Amino acid sequence: MKIRILGNGGFYNEGLPYNAIAIDGHVLIETPPDILQSLNHSDMRPSQIDTVFISHIHGDHCFGFPFFFFNWLYAGEADSHYEKGSMLAIIGPAGLREHLLALLRLAIPPEHQYIRDFSERAKLVEVDEGDIIAVKGNIWFSFMRTKHSLPTLSLIAGATAGPPPSPKRALKEALFAYSSDTAMFEGIHTLLESGAKLILCDTNGEKESDVHMSPAQLIAAARVHGLAGNSGRLLLGTHMSRRIVSQENLRFAQDGEEFSVI
Ligand SMILES: [Zn+2]
């Protein structure tokens with residue numbers, strides 16, 4: 001599984017590209033306001049995406065959706081997904097479909113064909129903690145609720161040629177975990193204890209808060225789980241407020257970086 005960092009900035013941020021990730025070149029995690037630019041900087045096109053995961057409906061995670069989906073659907077003229085009749089899978093928490101529809105109606109006149117096309121070409125899969133779903137390309141996704149100011153889901157992902165694992169085995173068999181937005185809570189320890197070879201965690205907090213973890217809180221948790229040094233498993237801070245490469249033993253995700261996990 002190849003994990004590409006498209007952007008690493010949080011809502012509060014001094015100008016970093018907003019947090020977004022690609023898996024294996026065809027799965028997009030988050031659609032922030034600058035998603036078209038971030039895909040372009042990584043030589044990716046919206047049309048190569050077949051699955052989108054949006055962790056929650058704060059604007060830094062979904063305000064780019066109207067522009068992403070417009071270009072996903074119509075770019076390429078005769079070769080476009082519109083002409084080919086393709087469907088885009090969109091995965092996220094309950095209420096995501098209605099929220100995305102509201103964004104589209106703000107972005108373009110409500111009577112525009114685009115609004116009808118969204119209903120016909122987007123397959124919304126609203127999920128919750130403990131669900132396990134198969135994703136194209138022999139990938140599976142599982143989810144965990146976080147501690148944030150809106151209902152928010154962490155992503156736990158793995159690869160299998162067969163059916164997805166049971167909920168019990170999912171954490172053990174995970175290759176990749178993404179905390180999405182969260183304050184420090186016991187679920188972070190669950191992710192750090194998982195089998196995931198790459199773990200990306202929110203570090204948008206400056207200090208202890210109820211909304212985001214701080215780098216210091218994540219460093220302390222990593223120490224508990226032996227993730228601070230060379231453990232063969234990589235923990236990265238992301239969703240940052242300013243560009244940081246490392247702090248003590250914790251590295252931070254940098255846009256354009258790609259990691260292979262097996
Ligand atoms: Zn948020």
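Me: What makes His56, His58, His148 and Asp181 donors of the zinc ion?

Reply: Distance. The zinc ion is coordinated by His56 (NE2), His58 (ND1), His148 (NE2) and Asp181 (OD), at 2.2 to 2.3 Å. Donors are N, O and S atoms within 2.8 Å of the metal (3.2 Å for Na, K and Ca), so these atoms qualify. Water is not among the atoms, so the site may look incomplete. This is a predicted model: local features need pLDDT of at least 70, side-chain atom pairs count only at pLDDT 80 or more, and totals for chains, interfaces and linings use all residues. Residues are numbered from 1 along each chain as its sequence is written, and side-chain values use heavy atoms, with hydrogens and water left out.

Me: Why is the site of the zinc ion called irregular?

Reply: Its four donor atoms make angles of 91 to 167 degrees. Four donors are tetrahedral if all angles lie between 85 and 135 degrees, so 167 degrees rules that out. Four count as square planar and six as octahedral if opposite donors are over 155 degrees apart and all others between 65 and 115. Anything else is irregular, and this site is assigned there.

Me: How do you know that His58 and Asp181 tie together parts that are apart in sequence?

Reply: Look at where they sit. His58 lies in the loop between strand S4 (51-53) and helix H2 (59-62), and Asp181 in the loop between S10 and H8, so the pair links parts that are 123 residues apart in sequence. Helices (H or I, at least four residues) and strands (E, at least two) are DSSP runs, numbered from the N terminus. Along the chain the donor spacing reads H-x1-H-x89-H-x32-D.

Me: Is Asp181 buried or exposed, and what decides that?

Reply: Asp181 has 2% relative accessibility. Buried means under 20% relative accessible area, exposed over 50%, partly exposed in between (1.4 Å probe, protein chains only). Asp181 is therefore buried.

Me: What makes a set of 28 residues a nonpolar core?

Reply: A nonpolar core is a set of buried Ala, Val, Leu, Ile, Met, Phe, Trp, Tyr and Cys residues joined through side-chain atoms within 4.5 Å. The largest such set has 28 residues; Phe65, Phe68, Phe69, Ile90, Leu100 and Phe118 touch the most other members. Among the elements that each supply at least two residues are helix H3 (65-74), strand S5 (88-92) and helix H5 (96-107). A second, separate core of 27 residues includes Ile23, Val127, Phe141 and Phe176.

Me: Which residues are in contact with Leu100, leaving aside its neighbours within four places in sequence?

Reply: They are Ile54, Cys62, Phe65, Ile90 and Phe118. Contact means heavy atoms within 4.5 Å.

Me: How do you know that S5 is mostly covered, and what are its partners?

Reply: Four of its five residues are buried. S4 and S5 are parallel over three bridges, with Thr51 opposite Ala89. S5 also pairs with strand S6 (residues 122-126), parallel over five bridges, and Ile90 stands opposite Leu124. Two strands pair if DSSP finds at least two bridges between them, so both pairings pass.

Me: What makes S7 and S13 edge strands?

Reply: Each pairs on one side only. Their open sheet of eight strands runs S7-S8-S9-S10-S11-S12-S14-S13, with mixed pairing. Within it, S9 (residues 153-159) and S10 (residues 176-178) are antiparallel over three bridges, and Ala157 faces Phe176.

Me: Which helix packs on the sheet at about 130 degrees to S14?

Reply: Helix H9 (residues 215-224), touching S11, S12, S13 and strand S14 (250-252). Axes are lines fitted to C-alpha atoms, for helices over the stretch in contact, and angles run from 0 to 180 degrees between N-to-C directions. Buried residues of H9 include Pro215, Leu218 and Ala222.

Me: Why is Thr203 called buried, and what is around it?

Reply: Its relative accessible area is 3%, so Thr203 is buried. Thr203 is in the loop between S11 and H9. Leaving aside neighbours within four places in sequence, its contacts include Met213, Leu218, His239 and Phe252.

Me: What sets His239 and Asp24 apart from most residues other than glycine?

Reply: Phi. Most residues other than glycine have a negative phi. His239 has a positive phi near 60 degrees, and Asp24 one of about 50 degrees. His239 lies between S12 and S13 and is buried at 1%. Asp24 lies between S2 and strand S3 (27-29) and, at 34%, is partly exposed.
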